[in-house]
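User: I would like a careful reading of one part of this model, set in the context of the whole chain. Please give the cut-offs behind each term as you go.

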Amino acid sequence: MIWSCRPVRFVPSRRRTERAVSIFRFQQFSVQQGETAMKVCTDATLFGAMAPVAGGERVLDIGAGSGLLSLMLMQLGAGHVTAVELTEQACRDAAVNFSASPWSERLELVWQSIQDYAECCDQRYDLIISNPPFFERHSKNSVNLRRLARHADLLPHHELVRLVARLLGEAGRFYLLIPAHEVARITDLAAAAGLWLTGRVDYAGHVHSRAKVAALTFSRRPEMFVYRRLVIYNAPRAYSEESARYLSPFLLRFAAPADWQQA
């Protein structure tokens, strides 16, 4: 694992050690999430599992948090991932997670705002992925770290789209998880920046539920648009056949007993 721009020296302390017991174990890696504000959740895990990775891509993960998406993309076959994260707390978790993973040599962790990173970056990426702050113009959580993670104050959506358009390669794709009610606005912002919406997957909790979030794929080139609605659960804690197909290479519940013991 490589630290870039502003390296953080990870020094364990009693407080960090106590928080470090918050670990989510996957089949091929684990995610320590004791300090990062936003924890592993089903939507984010499914989003990562469905990422458009063909193999060998150079990927940029904007707002990496604990590094979950970066690790999932490496398992899917990405060639190299640069994970940019603003908060020191999340970087501490991501540093541990990257170092302990099978892909540590191909994971680069940057402690910096994406705005500052873009200023000094001459790289163009094959895939840019982001599970960004969800809420603009909404009331804010009183806990500061969670507020930063859940609100778009420091990275408004128009700014995110502008930076993606700058950093994305000519044949690249931008993959984004966003609230369903924001899709039209994000699509308009992207179109103004020269990015075409080529795919949308709405995530619905149950068959009769309204989709709350959508995974969007953008390209610089017009392509046939593909829309899908994915139902996550057939019943409480029972994944649908489709969501299980995507999650089965990652979640321990789908692993063989011997593999689970090794993890």
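What percentage of the 263 residues in the chain do buried residues make up? With that as background, please look closely at helix 7: which of its residues are buried, what covers them, and at what angle do helix 7 and helix 8 pack?

Analyst: This is a predicted model, in which local features need pLDDT of at least 70 and side-chain atom pairs count only at pLDDT 80 or more, while totals for chains, interfaces and linings use all residues. Residues are numbered from 1 along each chain as its sequence is written, and side-chain values use heavy atoms, with hydrogens and water left out.

Buried residues make up 51% of the 263 residues in the chain (buried means under 20% relative accessible area, exposed over 50% and partly exposed in between, with a 1.4 Å probe and protein chains only). The chain has 10 helices and 13 strands, taken as DSSP runs numbered from the N terminus, with at least four residues of H or I for a helix and at least two of E for a strand. Of the contacts in the chain with a separation of 6 or more, 69% are between residues 24 or more positions apart, where contact means heavy atoms within 4.5 Å.

Helix 7 itself is mostly covered, with eight of its 11 residues buried. These are His 157, Glu 159, Leu 160, Val 161, Leu 163, Val 164, Ala 165 and Leu 167. What covers them includes strand 4 (58-62), strand 7 (125-130) and strand 8 (168-179), together with helix 5 (114-119) and helix 8.

Turning to that last neighbour, helix 7 (residues 157-167) and helix 8 (residues 183-192) pack at an angle of about 40°, with their axes 9 Å apart. Helix 7 is therefore oblique to helix 8, since angles under 35 degrees count as roughly parallel, over 145 as roughly antiparallel, 65 to 115 as roughly perpendicular and the rest as oblique. The axes are lines fitted to C-alpha atoms over the stretch in contact, and the angles run from 0 to 180 degrees between N-to-C directions. The crossing of the two helices is right-handed (the near helix is turned clockwise from the far one by less than a right angle; anticlockwise would be left-handed). Helix 7 contributes His 157, His 158 and Val 161 to the contact, and helix 8 contributes Arg 185, Ile 186, Leu 189 and Ala 190. These residues divide into four nonpolar, two polar and one charged, where Ala, Val, Leu, Ile, Met, Phe, Trp, Tyr, Cys and Pro count as nonpolar, Asp, Glu, Lys and Arg as charged, and the others, Gly among them, as polar.

Another helix pair may be set beside this one. Helix 2 (residues 42-49) and helix 3 (residues 68-76) pack at an angle of about 30°, with their axes 9 Å apart. That angle makes helix 2 roughly parallel to helix 3, and helix 2 passes helix 3 in a right-handed crossing. The contact is made by Ala 44, Thr 45, Phe 47, Gly 48 and Ala 49 of helix 2 with Leu 68, Leu 69, Met 72, Leu 73 and Leu 76 of helix 3, a set that divides into eight nonpolar, two polar and no charged residues.

Elsewhere, Phe 26, in the loop between strand 2 (23-25) and strand 3, counts as buried at 1% relative accessibility. Phe 26 and Arg 253 are 227 residues apart in sequence and 9.0 Å apart in space, C-alpha to C-alpha.
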